[in-house]
Amino acid sequence: MMKFLFLLCALLGTAVHAQQGNTYLKWNIDHTQRTPRPAYPLTTEQAAIIDHYSLAYDPQGRLTQVTFFHEGQPSPAGDFGAAILTFAYAADKTVEAYQDVGGEPVAVNGVLRKIYHHGPSGFWDRLTFETEDGTDMTGDGYSEVHVTRDSEGRVVTETRFDKNGNIVPEHNGFDRASFAYDANDMALYRRFENADGTLKNGRLGYAGVFFEFDQYGNFLNEEARDTSGSLAPMSAGFSRIEWRDFNSFGKPARVNYFDAESRPYAPYAFSTRTYTQTMQRDSVAYFDQHSLPAMHPAGFHRVEYHYGEGGVIERKLFDADGIPVTSR
């Protein structure tokens, strides 16, 4: 949900991995879209086992490069879709770009570069794109993102536009998303407000998605509500989701699901999760409100994840008796 990237500079090579103090499980938990903020610093011993991000900075303290490591090697399996994310800074803009494991430029979902245009606050207020196909438009059909900020520089509204200046609804079906933050600068909600501040239901039938995060940016709760304040179904079918039983790296062992009446969601009420040594998701299994195995609507009870250099390469599916259903 909240990927607020900022931008590039000189290629420093993967030698940055050897620097102490710049290795993290998460490279950016900033929801305010001001300055990248890492979380979960790792020791050298932990970084030798756990998938992680290695960060490099310029003399001004600005983030210039992020490299994702899987099993000790640069890998495109991180959250930005490439092995290396780079940022270049100028007075009026910041440019985000991507590189493969060899340091060569690549596109992510067709986008070669994101250009963040700085506003009067010093933070960006307009985002544009350079794409492989020359349309400078994302796969979701928008070519610009405009944001407004509060007195502390935090993003409070976000609107997407196509090349003709028409609004392109974001993934929740909101024409314009509005935000507020808690004491840790974590988002409290993403909701659809008219210009006068009144709530409006988006195209998926709800007016806002409300969140609770811990100080490390881990989800605790998420729910969708309509303009009356009532719970409303999200696209997955449930209306509220809870993450529970975290390990020391913020990975939940259990996830609970609820319907619009705050009852356990059917066909599954909760899922359990396991993780690999590298802290990647290993398996997910679904259960009903009586803790009995339940089937996901897609036709499986449990899914196992298998990884390669580029991320998940196979998902093996099983029914409640452990019999393989199919693989994909």
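How many of the seven residues of strand β7 (residues 93-99) are buried? Select residues 93-99 and look. Six of the seven are buried, so the strand is mostly covered, where buried means under 20% relative accessible area. Keep in mind that this is a predicted model.

**Stop 1: the neighbours of β7**

Stay on β7 and add residues 84-89. This is strand β6, and it pairs with β7 in the antiparallel sense. Six bridges join the two strands. Pick I84 to see one end of a bridge; its partner in β7 is Q99. Now look at the link between the strands. β6 and β7 form a hairpin, with three residues between them.

Next, add residues 111-118. This is strand β8, which also runs antiparallel to β7. Here the pairing has five bridges. Select V95 and find its bridge partner in β8, I115.

**Stop 2: two phenylalanines**

Hide the strands and turn to the rings. The model holds 21 aromatic pairs. Select F211 and F213, one of these pairs. Their centres are 5.7 Å apart. The planes make an angle of 45°, and the pair is tilted. Are these two rings buried or exposed? F211 has 8% relative accessibility, so F211 counts as buried. F213 is buried too, with a relative accessible area of 7%.

**Stop 3: an edge-to-face pair**

Move on to Y286 and F300. This aromatic pair is edge-to-face, with 70° between the planes. Centre to centre, the distance is 6.1 Å. Where do the two residues sit in the chain? Y286 belongs to strand β19 (residues 281-287). F300 is in the loop between β19 and β20 (302-308). They are 14 residues apart, and the pair links distant parts of the chain. Both Y286 and F300 are buried.

Now widen the selection. Add F238, Y257, Y265 and Y268 to Y286 and F300. Ring pairs link these residues into a cluster.

**Stop 4: charges over rings**

Which residue lies over the face of Y189? Select R191 and Y189 together. R191 is the one, at 4.0 Å from the ring centre.

For another example, select R240 and F258. The charged end of R240 sits over the ring of F258. Its distance from the ring centre is 4.1 Å.

**Before you close the viewer**

Go back to β7 once more. Show β6 and β8 with it: β7 pairs with β6 and with β8. Then bring back the ring cluster that includes Y286 and F300.

How values were computed:
Residues are numbered from 1 along each chain as its sequence is written. This is a predicted model: local features need pLDDT of at least 70, side-chain atom pairs count only at pLDDT 80 or more; totals for chains, interfaces and linings use all residues. Side-chain values use heavy atoms; hydrogens and water are left out. Rings of Phe, Tyr and Trp (its six-membered ring) pair if their centres lie within 6.5 Å; planes under 30 degrees apart count as stacked, over 60 as edge-to-face and the rest as tilted. Buried means under 20% relative accessible area, exposed over 50%, partly exposed in between (1.4 Å probe, protein chains only). Helices (H or I, at least four residues) and strands (E, at least two) are DSSP runs, numbered from the N terminus. A charge sits over a ring if NZ of Lys or CZ of Arg is within 6 Å of the ring centre and within 35 degrees of the ring normal. Two strands pair if DSSP finds at least two bridges between them.
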